Amino acid sequence: IVTGDLGKFFLPERNLRQYSEEFDNAYWTKTNTSITANTTTAPDGTLTADALIENTTPSVGHSVTQSVAFVAGRTYTASCYFKAYPGPIARHIRLYLGNATTFGVDTYIRVNPASGTILNTVGSPIDSGITSVGDGWYRAWLTKVCTVSNTSSPIIQLVNTTNSGLYTDADGLSGVYLWGAQHEEGDLTDYDPTGPNAATRTDTRHDVLLNGETGSFSLTGNAAGLSYIVPKRYVLVT
């Protein structure tokens, strides 16, 4: 492509999670919980949303987690989609960005998946929020700067309505629907589904200025879609 003005090519931000819609996969560690896969319609209209169900062990944590590598000084955002599960007991969710080793203090938000509200914000994230996406689904997120480079395992944890993860009434039937987990470098972006290949590159954008001349450039890393800002004037050379 030969342009008469500015052309920008860039890679979208990438999801650091693997198997972001397959919580039953072995990459996700289940602690005192089980996953029932593909139990309800996800926000994208497919039958791919899972149910996270507690076991009957009281006074322990009930969660699902996957390791993520963090780099000190960089900003990270955690996000996930949640929907209330019709179990006997209403459960809330803690969505952790990271632990005290990585972010100075345990950093999470507590979400009520029935009302789509954030009830607690812990660890002073620089941004957090929740958005309705229809059919009872909400996307919740939080953002903070990493303080210590570390590979840690931020969790998605079931808690009771008083924000205790060590509740005594675990019944083996209650839980939450979840879908589309994402950890990413930088601020919140659109959800990027993953399978076995999560993001590995450290930069998130490549800008190339084409000033009316021919030329080329290369991109390395995981395969990704390319998009561009259409210039004011361009000629396609074949």
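Colleague: Which residues form one aromatic cluster?

Modeller: Rings of Phe, Tyr and Trp (its six-membered ring) pair if their centres lie within 6.5 Å; planes under 30 degrees apart count as stacked, over 60 as edge-to-face and the rest as tilted. In this predicted model, one aromatic cluster consists of Phe70, Tyr76 and Phe103.

Colleague: How many aromatic pairs does the structure hold?

Modeller: The structure holds 9 aromatic pairs. Among them, Phe23 and Trp28 have ring centres 4.7 Å apart and planes at 45 degrees, so this pair is tilted. Phe23 and Trp28 are both buried, where buried means under 20% relative accessible area, exposed over 50% and partly exposed in between (1.4 Å probe, protein chains only). The pair of Tyr96 and Tyr108, with ring centres 4.7 Å apart and planes at 40 degrees, is tilted. Tyr96 belongs to strand E9 (residues 92-98) and Tyr108 to strand E10 (residues 107-112), so their pairing ties together parts that are 12 residues apart in sequence. Tyr96 and Tyr108 are both buried.

Colleague: On what conventions do these statements rest?

Modeller: Residues are numbered from 1 along each chain as its sequence is written, and side-chain values use heavy atoms, with hydrogens and water left out. As the model is predicted, local features need pLDDT of at least 70 and side-chain atom pairs count only at pLDDT 80 or more, whereas totals for chains, interfaces and linings use all residues.

Colleague: Where does pLDDT stay under 50?

Modeller: pLDDT is the predictor's confidence in each residue, from 0 to 100. Its mean for the chain is 85, and 78% of the residues reach 70 or more. It stays under 50 over residues 1-11, for which the model has 54 contacts beyond four places in sequence; a contact means heavy atoms within 4.5 Å. Residues 201-210 also have pLDDT under 50, with 31 contacts beyond four places in sequence. Where pLDDT is low, the predicted coordinates should not be read in detail.

Colleague: How should a positive phi be read?

Modeller: Most residues other than glycine have a negative phi. Here Tyr19 has a positive phi of about 50 degrees, and Asn163 has one of about 70 degrees. Asn163 is placed in the loop between strand E15 (155-159) and strand E16 (175-185); helices (H or I, at least four residues) and strands (E, at least two) are DSSP runs, numbered from the N terminus. Tyr19 is placed in the loop between strand E2 (8-10) and strand E3 (29-31).

Colleague: Are Tyr19 and Asn163 buried or exposed?

Modeller: Tyr19 is buried, with a relative accessible area of 15%. Asn163 counts as buried at 14% relative accessibility.

Colleague: Which side chain does a polar contact of 3.1 Å join to that of Ser79?

Modeller: A polar contact is a pair of N or O atoms within 3.5 Å; within protein, one must be able to donate a hydrogen and the other to accept it, and residues adjacent in sequence count only if both atoms are side-chain atoms. The partner of Ser79 is Arg139. Ser79 lies in strand E8 (residues 75-84) and, at 1% relative accessibility, counts as buried. Beyond four places in sequence, Ser79 touches residues including Leu95, Trp141 and Leu188.

Colleague: What lies over the face of Tyr167?

Modeller: A charge sits over a ring if NZ of Lys or CZ of Arg is within 6 Å of the ring centre and within 35 degrees of the ring normal. Arg91 lies over the face of Tyr167, at 3.8 Å from the ring centre.
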